[in-house]
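Subject: Structure handover

Hi,

Here is the structure you were waiting for. Please open it next to this email, and read my notes below it.

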Amino acid sequence: MPEADQDDERDQREPGEREREREREQQGGAGPQGGAEPRDEVDRIVAAWSHERPDLDFAPLHVLSRVGRLAKHLDRARRDAFVASDLEQWEFDVLSALRRAGGPYELSPKALLQQTLVSSGAMTNRIDRLVARGLVERRTDPNDGRGVRARLTRAGGDAVDAAIERLLAAERRLLADLGPVDEQRLGDLLRRLSLTLGD
């Protein structure tokens, strides 16, 4: 059939039929059985916007909307891992900074500030609460008798080790559908974007 006749036929269809076809297009066309890549909610959102505003380039939504949605899954995985380890997010941040420092697993409050990006007053309060829980202890700075350092206790080390093991297991499940090559490629692309935008 000539293309012009096909266009006329499409225009003469009932509005409901045209709307159903549009919905099928937004939901992924032929779908996996037809050989097309499976579509997600972002594809449907972009398709709808592109239909309404064909003058705009919605390519950024394909990337950043998915990053935002994946961040929700990561937040949930983190929260579950920390709850299972009886830690709050901020507690894990401080304890992991001390654990990564290596033996004797201690840092000055200033060094902790630089790694956790909180105010001096907030860090003092956090160290106090961790000391009260027996996860951290204060020690006199050997290089400055007036200074103090926060040191990880055995209980604190056990807690943060358990938390990072649970977190890594959860993150592996999130990436289970990616092979090693795709995972490496995605990590490289995200690193490039992170370096461009900065911390």
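Does Asp 43 count as buried or exposed? Asp 43 counts as buried, at 13% relative accessibility. The cut-off for buried is under 20%, so Asp 43 falls within that class. Keep in mind that this is a predicted model.

**The fold**

The protein has nine helices and three strands. Along the sequence the order is α-α-α-α-α-β-α-α-β-β-α-α. Of the 199 residues, 22% are buried. Take contacts between residues at least 6 apart in sequence: 47% of these join residues at least 24 apart.

**The pocket**

A general point to start with: rolling a probe the size of a water molecule over the atoms shows where empty space is left. Here the largest pocket holds about 1,400 Å³ of space. It is lined by 33 residues. Closest to the centre are Arg 66, Leu 70, Leu 175, Leu 178 and Leu 186. Four elements each give two or more residues to the lining: α3 (41-52), α4 (59-84), α8 (154-174) and α9 (180-197). Helix α4 gives the largest share, with nine residues. By class, the lining splits into 16 nonpolar, three polar and 14 charged residues.

**Salt bridges**

The count is 14 salt bridges. Three of them are described here.

Back to Asp 43. Its side chain meets that of Arg 66 in a salt bridge, 3.0 Å from N to O. The pair links distant parts of the chain. Asp 43 sits in helix α3 and Arg 66 in helix α4, 23 residues apart. Asp 43 is the buried partner, while Arg 66 is partly exposed, with a relative accessible area of 24%. Arg 66 is also one of the residues closest to the centre of the largest pocket.

Next, Arg 53 and Asp 55. Their side chains form a salt bridge at 2.6 Å, N to O. Arg 53 counts as partly exposed at 35% relative accessibility. Asp 55 counts as exposed at 54%. The cut-off for exposed is over 50%, so Asp 55 falls in that class.

Then Glu 106 and Arg 139. Here the N to O distance is 3.9 Å. This pair also links distant parts of the chain: Glu 106 is in strand β1 (residues 106-107), Arg 139 is in strand β2 (residues 136-141), and 33 residues separate them. Glu 106 is buried, with a relative accessible area of 13%. Arg 139 is partly exposed, at 36%. The two belong to one network, in which salt bridges that share partners join Glu 106, Glu 137, Arg 139, Arg 149 and Arg 151.

**Aromatic pairs**

How many aromatic pairs does the count come to? The count is two. In general, a pair of aromatic rings is described by the distance of the centres and the angle of the planes. Trp 49 and Phe 58 form a pair with 6.0 Å centre to centre and 25° between the planes. Planes under 30 degrees apart count as stacked, so this pair is stacked. Trp 49 is partly exposed, with a relative accessible area of 45%. Phe 58 is buried, at 11%.

**Backbone points to check**

Most residues other than glycine have a negative phi, and most peptide bonds are trans. Three places in this model are listed against that background.

- The peptide bond from Gly 103 to Pro 104 is cis, with omega near 10°. Pro 104 lies in the loop between α5 (89-100) and β1.
- Tyr 105 has a positive phi, near 60°, and is not a glycine. Tyr 105 is also found in the loop between α5 and β1. Its relative accessible area is 30%, so Tyr 105 is partly exposed.
- Asp 86 has a positive phi of about 60°, again in a residue that is not a glycine. Asp 86 lies in the loop between α4 and α5. At 53% relative accessibility, Asp 86 counts as exposed.

Over to you.

Best wishes

Methods
Residues numbered from 1 in each chain as written. Predicted model: local features only at pLDDT ≥ 70, side-chain atom pairs only at ≥ 80, totals over all residues. Heavy atoms only, no water. 1 Å grid on protein atoms, 1.4 Å probe; cavity = no way out; pocket = protein on both sides within 12 Å on 5 of 7 lines; lining within 4 Å. Points joined across faces, edges and corners; volume = space filled by probe spheres on them. Nonpolar A, V, L, I, M, F, W, Y, C, P; charged D, E, K, R; others polar. Phe/Tyr/Trp six-rings, centres within 6.5 Å; stacked < 30°, edge-to-face > 60°. Buried < 20%, exposed > 50% of the residue type's maximum accessible area, 1.4 Å probe, protein only. Salt bridge = Lys/Arg side-chain N within 4 Å of Asp/Glu carboxyl O. Contact = heavy atoms within 4.5 Å.
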